[in-house]
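Here is a short briefing to read alongside the model. Take a moment to get it on screen, and then we can walk through it topic by topic.

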Amino acid sequence: MDSLLREELPEIVSNGAFGKNLKYVSFELNQDHMGQDQYMSIVLFGTVTTSDESQFHVVTKFKLRSEKLRHMFKIDFQFNNEIIMYETIIPFLFECHRSLNGVEDLPLLPRFFYGRNKCGEFFERDLIMVENVNPLGFKLSEARTFLDYDHLISALQALAKFHGLSYTAKHKDPDTLRKLVMNIRDTQFDDNGQWLLKNNEFKRFAKRGINRLLERSGDLYRDNEHLQRFQKLIDDGDNLLRRTLKPHEPFSVVCHGDFNRNNVFFRYDEAGIPVDVLLFDFGTPRYGSPALDLSFFLYMNTTQDMRERWWDDLLNEYCSTLAKSVPSGVFVSNRAKLDSEMAACAIFGFAHASFFLPCQIEPFSINPDLDNEVRIEMLLQRGGDYGTEIVADLVQHIVDMGYTNV
């Protein structure tokens, strides 16, 4: 990858990625990965020096070399989406926001330098290059699974500002926004309409939590109407998830799509409190309910105790920041409307957390040559008994909140 990048950089620089009339001088590779978790790509960190003696700290993403993994994770689609987000959708959202007076506090994102997605026989040369924000003081949280209250609040404030851009854009130029989001490629379903986990495997992941919840609290939940409804819903998991992804106007926004602690950088004050948040990695965006991002983030990054104690506070902070992030007269979703969206769409976040969260507790490498049934069985065992308890906690929250109005 290093040699390929050095080969490509002279043309990238001369084409204006770092400014007009500049020439490539050098590239210095470094090993600073900022603790970033990489599941979908190969990443290099380094410093580009240009003819005006400027130095640019960059992160360069290449596609996985395994054809099976690229197909499994729809990596070509992810590169398409990320480049479109940085080149067209995000600039449009920012332009709409800046054209209206009243709010200056924009969400923080890395600078985008270059992207290429030729695919096919040229896939090895496809790349995305963005700013390395570590020298600016940003880094991942030290917590590798669950976040504390301060980190959750800071991240939700950043997400609200990002979602607010969509409401402003819909207010100013809804037709252009509608056209732009049509270019986003779906990364959740295959050509046959099956979810990323095939053959309704979502039901098996959900059952892992349901069975444990009934084991530990059967008297309380066995006849619960929301648990019974949830069990009926997961019988047709693919269509269930497809319904959660359907845009509900006027609430829908451009969602990050993978809003999780491994895709959020924090900058801290001297006391170690997060004061700035930066969003990155836009490979799986979609236009849909803000509850898609919220449910995924909160189910992936909160403990049961945090949800029980602070759920209302967390959603209230999101709504409060959202209202302040748009100019006067722009419609945004309030708490009551958000609650209705969560009831209809939070199962999306649960579906991903039910298999992905135990894998973060007990990481493992994905072998694309494994039989699908073997792979699913391995996923169902991730995290052991602790993983099962965590999934049961998620089911309990879905049921307690009545998030089954799909």
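Let's start with a charged pair: Lys68 and Asp369 join through their side chains in a salt bridge, with N and O 2.7 Å apart. Please keep in mind that this is a predicted model. The chain is divided into domain 1, residues 1–134, and domain 2, residues 143–405. From here we go through the domain interface, the salt bridges and the aromatic side chains.

**The two domains and their interface**

- Taken over C-alpha atoms, the centres of domain 1 and domain 2 are 26 Å apart.
- How many residues of each domain are in contact with the other? Domain 1 contributes 39 residues and domain 2 contributes 46.
- About 3,700 Å² is buried between the two domains, and carbon and sulfur atoms give 70% of that area.
- On the domain 1 side, Phe92, Leu93 and Leu108 lose the most area to domain 2, and together they account for 15% of what that side buries.
- Charged pairs are found here too: three salt bridges cross the interface of domain 1 and domain 2.

**Salt bridges through the structure**

- As a general reminder, oppositely charged side chains can pair when their charged atoms come close.
- The structure holds 29 salt bridges.
- One of them joins Glu8 and Arg116, whose closest N and O atoms are 3.1 Å apart. This pair links distant parts of the chain, with Glu8 in helix α1 and Arg116 in strand β4 (residues 112–116), 108 residues apart.
- Are the partners Glu8 and Arg116 buried or exposed? Both Glu8 and Arg116 are buried.
- Asp219 and Arg222 form a salt bridge with an N to O distance of 3.9 Å. Here Asp219 is exposed, at 78% relative accessible area, while Arg222 counts as partly exposed at 46%.
- Asp305 and Arg309 also meet in a salt bridge, at 3.6 Å from N to O. The two residues are four apart in helix α10 (residues 304–324), so about one helical turn separates them.
- In that helical pair, Asp305 is partly exposed, with 43% relative accessibility, and Arg309 is exposed, with 55%.
- Elsewhere, salt bridges with shared partners join Arg212, Glu215, Arg216, Asp385, Glu389 and Asp393 into one network.

**Aromatic pairs and a cluster**

- Searching the whole structure gives 19 aromatic pairs.
- Phe162 and Phe282 make up one of these, a tilted pair with ring centres 5.6 Å apart and 40° between the planes.
- Why does the Phe162 and Phe282 pair tie together parts that are 120 residues apart in sequence? Phe162 lies in helix α4 (residues 149–172), whereas Phe282 lies in the loop between β8 (274–279) and β9 (286–288), so the pair bridges that stretch of sequence.
- Phe162 has 0% relative accessibility and counts as buried. Phe282 is likewise buried, at 0%.
- Phe265 and Phe280 form a stacked pair, because their ring centres are 4.4 Å apart and their planes meet at 20°. Phe265 belongs to strand β7 (residues 264–268) and Phe280 to the loop between β8 and β9, 15 residues apart, and the pair links distant parts of the chain.
- Both members of this stacked pair, Phe265 and Phe280, are buried.
- Trp195, Phe202, Phe205, Phe230, Phe350 and Phe355 come together in one aromatic cluster.

**Arginines over rings**

- Where does the charged end of Arg70 sit? The charged end of Arg70 is over the ring of Phe123, 3.5 Å from the ring centre.
- Arg185 has a comparable placement over Phe77: its charged end sits over that ring, 3.9 Å from the centre.

**A look at Ser3**

- Ser3 lies in helix α1, which covers residues 2–14.
- Its relative accessible area is 57%, so Ser3 counts as exposed.
- Ser3 and Phe138 are 135 residues apart along the chain, and their C-alpha atoms are separated by 28 Å.

Methods
Residues are numbered from 1 along each chain as its sequence is written. This is a predicted model: local features need pLDDT of at least 70, side-chain atom pairs count only at pLDDT 80 or more; totals for chains, interfaces and linings use all residues. Side-chain values use heavy atoms; hydrogens and water are left out. Rings of Phe, Tyr and Trp (its six-membered ring) pair if their centres lie within 6.5 Å; planes under 30 degrees apart count as stacked, over 60 as edge-to-face and the rest as tilted. Buried means under 20% relative accessible area, exposed over 50%, partly exposed in between (1.4 Å probe, protein chains only). A charge sits over a ring if NZ of Lys or CZ of Arg is within 6 Å of the ring centre and within 35 degrees of the ring normal. Domain bounds come from an automatic or database domain assignment. Contact means heavy atoms within 4.5 Å. Buried area is the accessible area (1.4 Å probe) that two parts lose on being put together, summed over both. A salt bridge is a side-chain nitrogen of Lys or Arg within 4 Å of a carboxyl oxygen of Asp or Glu.
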